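Visitor: I would like a close look at a single part of this model. Please keep to the surface that meets the nucleic acid.

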Amino acid sequence: MNEPIEEAKAEAPTDFIREAVKQDLAEGRFQHVHTRFPPEPNAYLHIGHAKAVWIDYGIALDFGGKFNLRFDDTNPLKEEQEFVDAIIEDVKWLGADWEDRLLFASDYFDQMYTWAQDLIRKGKAYVCDLTPDQMREQRGTLTKPGQNSPYRDRSVDENLDLLERMKDGEFADGEKTLRAKIDMASPNINLRDPVMYRIRHAEHHRQGDKWCIYPSYDWAHGLEDSIEGVTHSLCTLEYEIHRPLYDWFLDELGIYHPRQIEFARLNLSYTVMSKRKFIELVAGGYVSGYDDPRMPTIAGLRRRGYTAEAIKEFCRRIGVAKADNIIEAAQLEDCIREGLNKSAQRVMAVLDPVKVVLTNYPEGQVEELDAVNNPEDAAAGTRKVPFARELYIEREDFMEDPPPKFFRLAPGREVRLRYGYFIKCEEVVKDGSGKIVELRCTYDPATKGGDAPDGRKVKATLHWVSAAHSIPAEVRLYDHLFNKVNPDKVEEGQTYIDNLNPDSLKVVEARIEPFAKDAKPGDRFQFERLGYFCVDKDSAPSRLSFNRTATLRDAWANVQKAQK
RNA sequence: UGGCGGAUCGUCUAAUGGUAGGACAGCGGUUUUUGGUGCCGUCAGUCUAGGUUCGAAUCCUAGUCCGCCAGCCA
């Protein structure tokens, strides 16, 4: 059992954050490690959040530290209990363990208020009467410094009194703010007297109407980390420029000071990764909901058939760095294929059936053939598959006039039916429009099980189902939601919506071997030669419904692409 | 044309002044009753120009390109 240790050592992920944490520990800046995942409960989590969870939780795990799940619920206008519940479910499903530390920033509002008063007493914060428009004007621009607010020099007592009255609801929304007194000429715009509190007479999902002033992100976030004793506050790159502010508040207050470190957020090819766009996609009816299997949400991926294990492996493989990136979707697909190849029950299903009649097979005869449940797992055993005179095969497995590298069925050609017999195509039957409606074939009784006693070979093995015994099922075939690697890269006058892939969902009527008849929502299968599929939540015993999780790798498809 | 950050195979990511390595994708082979899986091989990279050094992806200088910031969002 010393092999896994070797392996763990070799595969232990290292990255610039882990190096920094290691150094902090070595230098005594921190004595232990404590991280947190701080979602705002205003939307569903996506695969980018999974990356963040695995950085936060993974680092806590690696260093024997603690991990908090903390909701950053400082804006009552956007946040809802529904999202809190969904996020808890997703983070749990992903595999992170926050033990008993399910926390809410809103529980710290009293403490934050006290600290705001401290800052006022230090002359580092003031109540400002500027309207949003005025504040924008006076903030200056990227190249021009801002100007001081006329309310900047109010006395400590007046500020204290005004803040108290803001809290007590004396003023209307937007009438006043509490601002940090830093530097209106700072080249970093975030330091130009940022707002700490704004007035919002709104119902908070946990605090009800107790508060009518709410802390802004910059003011609140460091305090939350400090209160919880977080050592390393890990976040995405866009907060890098906020770090001076994060540090400023903590230093001015003189309270425990965590270290913020930023990493690049995840982008995936052929999709978008923003809450706002998710809302638009759902509201516009472009997808069926946040858990539409084409969405990169955790809920969508789960419904699509992805496992938490595959997502974790994906996060491990993509690493952590500071350069902007777009990860190829193939990278994610490989992770789910790797897992499902080892675990998925095999079954035969025909997505686009064409009838095959075995002219020399006795009418009314049915044989039960043995089929392997999972070639990667002998313990999975075997099952029986009914074989009869009339079968269905995949329409694309036959070509009347096959090109050179097409190995499958063609007139006069012999192929193997998996676990069945060799069959040979003798006749093609078409309807008036020229569409093939039936293939008349003969079978070789000596090849039962799939081997010829005379040693002759075939170049292809096809999947099939019995026409009479197979069951119908709805199968949803998914493709990329967008047809551009980066849907946000658009022409003048266009938006990412214009880059939607019109063929991202195709629903087909398939036939499946009877073994699958008792499949329950969430069950995963490999349809042989086609891909991995899972039973959708819409499925019913009377009406099976499958989602395609991923196709199998397809060498023939590559050949076809090359021939074009 | 303010500030902050970034740039290594097609895509991610290592190399911490000393052989540019791995994964995914691609290509080729092999095994195979899944054109799957496995196994083997292969293609392919340090943004540019100078400099320091015995030696530079790494350090210095000057450029180039990309991202983020002007919410009372997070």
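Visitor: Which residues come nearest to RNA strand B?

Guide: This is a predicted model, in which local features need pLDDT of at least 70, side-chain atom pairs count only at pLDDT 80 or more, and totals for chains, interfaces and linings use all residues. Residues are numbered from 1 along each chain as its sequence is written, chains are lettered from A and ligands numbered from 1 in the order in which they are written, and side-chain values use heavy atoms, with hydrogens and water left out.

Around RNA strand B there are 69 residues, of which R200, R408, G449, Q526 and R553 come nearest; a residue is near the strand if one of its heavy atoms lies within 4 Å of it. By class, this surface has 25 nonpolar, 18 polar and 26 charged residues (Ala, Val, Leu, Ile, Met, Phe, Trp, Tyr, Cys and Pro count as nonpolar, Asp, Glu, Lys and Arg as charged, and the others, Gly among them, as polar).

On the RNA side, 64% of the strand B atoms within 4 Å of the protein belong to sugar or phosphate, and the rest to bases. Q526 has a side-chain N or O atom 2.6 Å from a base nitrogen of RNA strand B, while a polar backbone atom of F407 is 3.0 Å from a base oxygen. At a phosphate oxygen, the partner is an N or O atom in the side chain of N558, 3.3 Å away.

Elements that each supply at least two residues of this surface include β6 (195–199), α12 (308–318) and α14 (555–563), helices (H or I, at least four residues) and strands (E, at least two) being DSSP runs numbered from the N terminus. The largest share, 4 residues, comes from α13.

Note on methods:
A polar contact is a pair of N or O atoms within 3.5 Å; within protein, one must be able to donate a hydrogen and the other to accept it, and residues adjacent in sequence count only if both atoms are side-chain atoms.
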